[in-house]
Amino acid sequence: MSLKSKGHWNVPKEIKNNDILGYILNSRNIEDSKSFLHPLLENIPDSRNLFDSKWAAELIIESVNKGKKIVIHGDFDSDGICATSLLWDFLYRELSDFLSKRVDVIPYIPNRIEQGYGLTEDSLEDVLELGGELLISVDCGVRDEKLIKKYQKKNLSVIITDHHQPPENISPKLSYPLVHQMFPTHEYPFPQICGTAVVFLLIQEIRRQVGMDYKITPDSKGLDLVALATVTDLMPLIDVNRIFVSFGLKQIASGSREGLRQLCLRAGINFKDINSYHLGYLIGPRINAAGRIGSPMDAVKLLVSNNEKTCNEISAELDDLNFQRQKLTQEIKQQAEDQIPEKKFKILFILGQDWHEGVIGLVAGKLLEEFHVPVIVATQNGSLVKGSARSIQGFNITEALSKFDKYLERFGGHELAAGFTAKLDSIDEFVREFVKYAEEEITDKMLLSKLNVDLVLESDKVNKKLIDDLSLLEPFGYGNPRPTICLRNLVVYRKTVMGKEENHLKLIVKGSGIDLLTLILFGAGEDKDEIEKDSIIDVVGYPDLNIWNGNESVQFNVKEWRFSEG
Ligand SMILES: [Mn+2]
C-alpha cells in the first residue's frame, strides 16, 4: 500500500444485483425510499407541530394591530441572517400589504466581536434604545430565560424562536412563547431543523391566523432562504431538510430573489444550475463574510432588496469581503503553523496575538483538515482571550472544555465545534492542562482518518445511467454525502499530467468489460512518477459527466487511490 491511501477505507462487499439505489438507501438506513427519492412539500409537518407557535403568532398579530414597534433580534451567521431577512420581509411587506397596515418592524443583529453571540445585556439594551416594544429573536435565545425575564420587567415583550439545544432544566411553562422544534419535549417530528426553518413555520402560522393562504407550495416565499440556511448551518440533508433544500434550490434557480441571483453571478455560478455544494462553499461563505469581518446587516439588505443596483453593489462588497476573509485566514494560518510542534501530537492548541476573531474558527478547521487532530486556535486581543475549536469524531470538544470551566469566562458549542472566552491571567496553565488532558483522552483510533465507501463496482458499471441514478439522491451535503464508489484492479493504460502546476493526473485505465475508463486524480502531483503504464490500482471516487465542445463523456473523479494488493 502506498500512494494517496491516506486513511482507512471502509469498503463494503461488492453488490451482485443491479439495484444500486436500493442498496445505498438501505445501507444509509433510509426506510421510506419513495419519499426520499421524491421529496414533496406536503410531507413537511406544519406549524401546529411547533409548540407555542400559536401563542407567538397571536402575540405578533396583536402587536401589529396595536402599532407596536417590533425588533427582530438575529444572529451574525448565515442562518441568523437568513432568518432575520425572511421574517422582516414577511412582516414588513406581505403582512403589511395583506392587512393594509404599516408594520413597524426593524431587523437588528449584534456585532460578533463587540457583543458576541446571541442575546446579551448589551444587545437587549440596544433593542430598548431602538424603541423596541416586542422583541422576536431568531436563531438564538433558547438558553436565556433569566436575561429575558429581566427585560420583560423593563416592559419589553419577548418571543424566542431558536433551534439550538435547549438547556436541560428548561421549564415547560415560560413567561414568553418559545418557538422551538424540541420544546417542551420533541414536538416537531424532525428535530434537526435550522433557525430559518423555525421562522418559516412560524410565518405559516401567522398566515393561518390572519386568513392568508398558508399551504406550502413551490412558490411559498422563503424556501430559498431556508435552503441556504439549512446547508450553511450543517443540518443533515435528510427528511424535512431534504424537502426544504430541494424546493429551495428550485426557487433560487428561478432567479426570483434578486440578491441571490446577483450573488451567484459574482461567485461565478449560473444561478439556473445552483446546487447544494454552491450554497455551502460559494454562497454561504460570502453571506458569512459579512458577519465575520463586515456588517451582517448588509447581507440582510441584499437578501430583502428588490433593487437591482443595490443588490449589485452589496454582492460586489460581499465578494470583496469574502476575498479579504480568505486572505486573512491564510495569513493567520501561516502564523499558526509556526507553532506546530515537531514531535507527534494528538491535539493542536495554538495561541496567537491580535488575530481577527472572525476567522480563527476557519483557521482551526483548515488545520484539522490537514492534520486530522482536534484544533484550538485562540487569540489574545487586549485583555481578552477568545478561542475557537474544531474536533474529530469521538472527542467531544464542548464537553472537554466544560471540564476546564474554571479557566473560562464563557463557552458553548457542540460535539465538533466550540467557542470560548478564557481568563487571561491563567491562560498558560489552561493551555498546559487542557493539552495534557486531551493527549490522554484522544486515542490513536480516533485519529485514524476513514473513508467510507458506499459501493464496490465493476468498472464497466460506470456509465451515464449510473450518474443519472445517483443524481436522484441529490441534494448532497452534510448527512447525505455524495456516494463514493470503489473500483478495483484497474490497469493503467495511459497517463497524462494536467493542470497549470502539474498537480492532477488523467489516467486511461482498463478494468472489467471492453471499454477503457478515464480517471481524474485531483492533487495527485506527488504520485505522478509512481503511477506508470501497467500499474494496477484501486480507486475511490464518483462518476461525473465531462462536457467538452458539446461532447459528453463519462469520467471518474478519484478522491483516493492506492496500488492494488492483488
Ligand atoms: Mn442556526
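Begin by selecting strands β17 and β18 in this predicted model, where the two strands form a hairpin with two residues between them. Within that turn, pick out Asn-549, whose phi is positive, at about 55°. Extending the selection along both arms, to residues 536-548 for β17 and residues 551-563 for β18, shows β17 and β18 pairing in the antiparallel sense over 12 bridges. To follow the register of this pairing, label Ile-537, which stands opposite Phe-563 in β18.

Keep β18 on display and add strand β16, residues 516-521. Here the direction of pairing is parallel, and four bridges join β16 to β18. A useful pair to label is Leu-519 and Phe-556, since Phe-556 in β18 is the bridge partner of Leu-519.

Next, colour the chain by domain. Domain 1 is made of two segments, 8-37 and 452-563, while domain 2 covers 42-215 and domain 3 covers 347-441. If you place a marker at the centre of domain 1 and another at the centre of domain 2, taken over C-alpha atoms, 45 Å separate the two.

Now move to the open sheet of five strands, which has the order β3-β2-β4-β5-β6 and parallel pairing. Select β3 (105-108) and β6 (178-179) to see the edges of this sheet: each has a single partner strand, so one side of each is left without a neighbour in the sheet. From β3, step inward to β2, residues 70-73, which runs parallel to β3 and is joined to β3 by four bridges. Labelling Ile-70 of this pairing shows Val-105 of β3 standing opposite.

Finally, select helix α4 (residues 78-99) together with helix α12 (residues 296-304), which pack with their axes 9 Å apart and at an angle of about 50°. How are these two helices oriented to each other? At that angle, which falls outside the ranges counted as roughly parallel, roughly perpendicular or roughly antiparallel, α4 and α12 are therefore oblique to each other, and their crossing is right-handed. To display the contact, show the side chains of Ile-81, Cys-82, Thr-84, Ser-85, Trp-88 and Asp-89 on α4, and of Pro-296, Ala-299, Val-300, Leu-303 and Val-304 on α12. Colouring these by class gives eight nonpolar residues, two polar residues and one charged residue in the contact of α4 with α12.

Notes: Residues numbered from 1 in each chain as written. Predicted model: local features only at pLDDT ≥ 70, side-chain atom pairs only at ≥ 80, totals over all residues. Domains from an automatic or database assignment. Pairing = 2+ DSSP bridges. Axes fitted to C-alpha atoms, helices over the stretch in contact; angles between N-to-C directions. Parallel < 35°, antiparallel > 145°, perpendicular 65-115°, else oblique. Left-handed = near helix turned anticlockwise from the far one by under 90°. Contact = placed C-beta atoms within 7 Å. Nonpolar A, V, L, I, M, F, W, Y, C, P; charged D, E, K, R; others polar.
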